[in-house]
Amino acid sequence: MDITINYLAVIVAGVVAYAVGAWWHSPVGFGRQWMKMMGLNEGHMKNMPLTAGQAMSIGFVVTLLVAYVLAHFTVLVGANTWQTSMQLGFWVWLGFLAPTLANGWLWEGKSLKLFAFNAAYALVSIEIMALVLGLWH
């Protein structure tokens, strides 16, 4: 099967999902709650191994990678309506993202509340990317 990827749609999906993530983790969104669940404060944030700019740059590249791979799934399953795009996003979240995130709760001693927070963000993010990619073909 020949897979044709709309690279502009991949970039837009990545940018939109990244922007939602920036809001989600900001003080305007749910950033304060996230920091509390992580046991972090402003001092911790300043002593992270990466600068904020480095972390955000790498995070953006990672988001673009997810959008690129999801674009392949979108073509393979023929998700080209909002309904099929949402279904694809849900199944990718349920089968890949949520189980991977569950390891933080199962093995790393993170709280169930933090798992739910991160899983909800992952669901919103993947659904946004799936919609952009599925509707822009």
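**Note on helix packing, cores and aromatic pairs**

1. In this predicted model, L131 is in contact with W82, S85 and M86 once neighbours within four places in sequence are left aside. L131 is found in helix α6. Its relative accessible area is 26%, so L131 is partly exposed. A remote reference point is H44: the C-alpha atoms of L131 and H44 lie 36 Å apart in space, with the two positions 87 residues apart in sequence.

2. The largest nonpolar core has 22 residues. Within this core, the residues with the most contacts are V10, A13, L70, W93, I126, M129 and L133. Helices α1, α4, α5 (82-107) and α6 each supply at least two of its residues. Which helix gives the largest share of this core? That helix is α6, with eight residues.

3. A13, one of the residues with the most contacts inside the largest core, touches A67, M129, V132 and L133, not counting residues up to four places away in sequence. A second, separate core has seven residues, and W24, M35, L114 and F117 are among them.

4. T74 lies in helix α4. Is T74 buried or exposed? With a relative accessible area of 6%, T74 is buried; the cut-off for this class is under 20%. When residues up to four places away in sequence are not counted, T74 touches A79, L88, L133 and G134.

5. The packing of α1 against α4 deserves separate treatment. Two packed helices are described by the angle between their axes and the distance between the axes. The axes of α1 and α4 come within 8 Å and cross at roughly 130 degrees. That angle makes α1 oblique to α4. The crossing in which α1 passes α4 is right-handed. On the α1 side the contact is made by Y7, V10, I11, A13, G14, V15, A17 and Y18. On the α4 side it is made by M56, G59, F60, T63, L64, A67, Y68 and A71.

6. A17 is found in helix α1 and is one of the residues of that helix that make the contact with α4. A17 is buried, with a relative accessible area of 0%. The C-alpha atoms of A17 and T63 are separated by 7.4 Å, although these residues are 46 residues apart along the chain. Leaving aside neighbours within four places in sequence, A17 is in contact with T63, Y121, S125, I128 and M129.

7. A further helix pair is α2 with α6. How far apart are the axes of α2 and α6, and at what angle do these helices pack? The axes are 9 Å apart, and the angle is about 140 degrees. That makes α2 oblique to α6, and α2 passes α6 in a left-handed crossing. In α2, W34, M37 and M38 meet K113, L114, F117 and N118 of α6. Of the residues in this meeting, L114 and F117 are also included in the second nonpolar core.

8. The structure holds 12 aromatic pairs. A pair of aromatic rings is described by the distance of the centres and the angle of the planes. Y18 and F60 form an edge-to-face pair, at 5.4 Å centre to centre and with 80 degrees between the planes. Y18 lies in helix α1 (residues 7-24) and F60 in helix α4 (residues 52-77), so this pair ties together parts that are 42 residues apart in sequence. Y18 counts as partly exposed at 24% relative accessibility, and F60 is also partly exposed, with a relative accessible area of 27%.

9. The rings of F30 and F117 have their centres 6.4 Å apart and their planes at 85 degrees, so this pair is edge-to-face. Here the pair links distant parts of the chain, 87 residues apart: F30 is in the loop between α1 and α2 (31-38), and F117 is in helix α6 (residues 112-135). F30 counts as partly exposed, at 31% relative accessibility, whereas F117 counts as buried, at 10%.

10. Which residues do ring pairs link into a cluster with F30 and F117? They are W23, W24 and Y121. W24 and F117 also belong to the second core, and Y121 is in contact with A17.

Conventions:
Residues are numbered from 1 along each chain as its sequence is written. This is a predicted model: local features need pLDDT of at least 70, side-chain atom pairs count only at pLDDT 80 or more; totals for chains, interfaces and linings use all residues. Side-chain values use heavy atoms; hydrogens and water are left out. Rings of Phe, Tyr and Trp (its six-membered ring) pair if their centres lie within 6.5 Å; planes under 30 degrees apart count as stacked, over 60 as edge-to-face and the rest as tilted. Helices (H or I, at least four residues) and strands (E, at least two) are DSSP runs, numbered from the N terminus. Buried means under 20% relative accessible area, exposed over 50%, partly exposed in between (1.4 Å probe, protein chains only). Contact means heavy atoms within 4.5 Å. A nonpolar core is a set of buried Ala, Val, Leu, Ile, Met, Phe, Trp, Tyr and Cys residues joined through side-chain atoms within 4.5 Å. Axes are lines fitted to C-alpha atoms, for helices over the stretch in contact, and angles run from 0 to 180 degrees between N-to-C directions. Angles under 35 degrees count as roughly parallel, over 145 as roughly antiparallel, 65 to 115 as roughly perpendicular and the rest as oblique. A crossing is left-handed if the near helix is turned anticlockwise from the far one by less than a right angle, and right-handed if clockwise.
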